[in-house]
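Please open the model in your viewer and keep the selection panel at hand. The stops below move from one helix contact to the next and end inside the protein.

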Amino acid sequence: MLKKSRIFLTILSLVFAFFAALPASAADTVRIVHVSGEIDNARVALVRRSLTAAEDEGDKAVVVEINTLGGEVESALKIRDMLQQTNVPTIAYVSSRAWSAGALIALSCRHIVMAPGSSIGAAEPIPATEKNIAALKADFSATAAATGKNPLLAEAMVDKTLGYYGYADAGQILALTDVQARALNLSEGTADSETEALRLYSLGEATVVSDEMEPRDMFVGILRQPIVRMILVALILSALVIEIKMGGIGAGLGMAVIMGALLLGGSDESWFNSMKLIALFVLGAVFIGIELVTPSVGVFGLAGVVMVFGSLFFMLGADMSALYILAGSIVFAVLLFILLGKRLPKSRFLAKVTLHNRSTREKGYSSQEDKSRYLYEEGKTITILRPAGTVRIGKERVDAVSGGEFIDKDTEVRVIQVEGTRVIVEPVIKNK
């Protein structure tokens, strides 16, 4: 009997030693993202960055600490969509106020915990038109239903005509204290801090990672401002037009690509889709460049323009606001180009990239083919000149360029200047 006991104790000791030798499992990690101040595009970038990191690193939960009086509905809806789509459990911790857009963000989380003295609600849109109220009420109701909360409670936060019995009379917008929210099962508990809130879900011992607003989030927020996006698109279009005007030296195309990268930096596209849009934009710019140096009856130019505008449309979100931004950008680009058109010929930059010295016969230069015989001769364009193309002078086909303007096919032209092998033409204006 004693021998059997010794054998059992020996085996038990070996088992304990085996498990003691195993490496300790990594502690659970919880990420806290602090959403405070006005809800805007910078907060959208912050939440997106935090949720992406939580998904990549396998965090057990994300706590959205909310303290805001509200902000942009569009930004709140984007945050709502991200919170509902993530596979990481989300907990809203209302540290002070979750009003208006903040209330929608709180409702988007699977769980809500509130600090003592905090409040939630008061989400009437501004301006409080019937259309705005109806749209926002539907969003609040759908959001609450998706996360297992009372849709009628959420609707009363938006539409004051509804009221909520015992908490808000008809004609009063609904806003709840932490005690009232707990009584209505909107909140799942009260906690003095995020750590105490985590204990309600057995995560009090988890390692906490805190995400707060960073310069990169603010930069992305600036890039997402409609006026900034309009300016970026206008600069892209102006750069492409300047590239055409200057005969394709590459500076305009390079600037257009840089502006396009900035525009894409503020978009909501995934990394894979971003790469596709960049490829489409660059390919369009290359096609436009090919059209400048190789007359192709407009095939490359048209394809390039479609690609550039198509990529810009999707970079801007592919919605009605994208069309408005594109329309405004075109107007802005035209005005900018008119302004630059008056200054470029006199600018120091253009003086550095433009050839001023002429290789004339008087200076001892000669070309393989003397084209001075075409000077002041008239002919007709065979292809479109934008600015390069082909014209027919007499029975000869001659490569020519315009002075920078667009000249259509089958247009009568006159040679106004010959520089070596470069034949410059302008349209013939007929006197009526």
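A crossing is called left-handed if the near helix is turned anticlockwise from the far one by less than a right angle, and right-handed if it is turned clockwise. With that in mind, and remembering that this is a predicted model, begin with helix 3 (73–85) and helix 5 (residues 130–146). Helix 3 passes helix 5 in a left-handed crossing, and the two axes, which come within 12 Å, cross at roughly 20°. Because angles under 35 degrees count as roughly parallel, helix 3 is roughly parallel to helix 5. To see where they touch, select Val73, Leu77, Arg80 and Gln84 on helix 3, together with Leu136, Asp139, Thr143 and Ala146 on helix 5. By class, this contact holds 4 nonpolar, 2 polar and 2 charged residues.

Keep helix 5 on display and add helix 4 (residues 101–108), which packs against helix 5 at an angle of about 25°, with the axes 8 Å apart. That angle makes helix 4 roughly parallel to helix 5, and here too the crossing, of helix 4 over helix 5, is left-handed. On the helix 4 side, select Ala103, Leu104, Leu107 and Ser108, which meet Asp139, Phe140 and Thr143 of helix 5. The residues of this contact divide into 4 nonpolar, 2 polar and 1 charged.

Now return to helix 3 and bring in helix 2 (residues 41–57), whose axis comes within 9 Å of the axis of helix 3 and crosses it at roughly 10°. Helix 2 is therefore roughly parallel to helix 3. The residues to select are Asn41, Arg43, Val44, Val47, Arg48 and Leu51 on helix 2, and Ser75, Lys78, Ile79, Met82 and Leu83 on helix 3. Of the residues in the contact of helix 2 with helix 3, 6 are nonpolar, 2 polar and 3 charged.

For the last stop, turn to the interior. How many cavities of 30 Å³ or more does a search of the whole structure find? The search finds 1, and about 40 Å³ of space lies in the largest cavity. Select Val73, Ala76, Ser100, Ala101, Leu104, Ala123, Leu136 and Phe140 to show its lining. Helix 3, helix 4 and helix 5 are the elements that give two or more residues to this lining, which divides into 7 nonpolar residues, 1 polar and no charged. Among the lining residues, Val73 and Leu136 will be familiar from the contact of helix 3 with helix 5, while Leu104 and Phe140 appeared in the contact of helix 4 with helix 5.

Key: Residues are numbered from 1 along each chain as its sequence is written. This is a predicted model: local features need pLDDT of at least 70, side-chain atom pairs count only at pLDDT 80 or more; totals for chains, interfaces and linings use all residues. Side-chain values use heavy atoms; hydrogens and water are left out. Axes are lines fitted to C-alpha atoms, for helices over the stretch in contact, and angles run from 0 to 180 degrees between N-to-C directions. Helices (H or I, at least four residues) and strands (E, at least two) are DSSP runs, numbered from the N terminus. Angles under 35 degrees count as roughly parallel, over 145 as roughly antiparallel, 65 to 115 as roughly perpendicular and the rest as oblique. Contact means heavy atoms within 4.5 Å. Ala, Val, Leu, Ile, Met, Phe, Trp, Tyr, Cys and Pro count as nonpolar, Asp, Glu, Lys and Arg as charged, and the others, Gly among them, as polar. On a 1 Å grid over the protein atoms alone, a cavity is a set of points where a 1.4 Å probe fits but cannot get out, and a pocket is an open set with protein on both sides within 12 Å along at least five of seven lines; lining residues have an atom within 4 Å of a point. Grid points are joined across faces, edges and corners, and a volume is the space filled by probe spheres set on the points.
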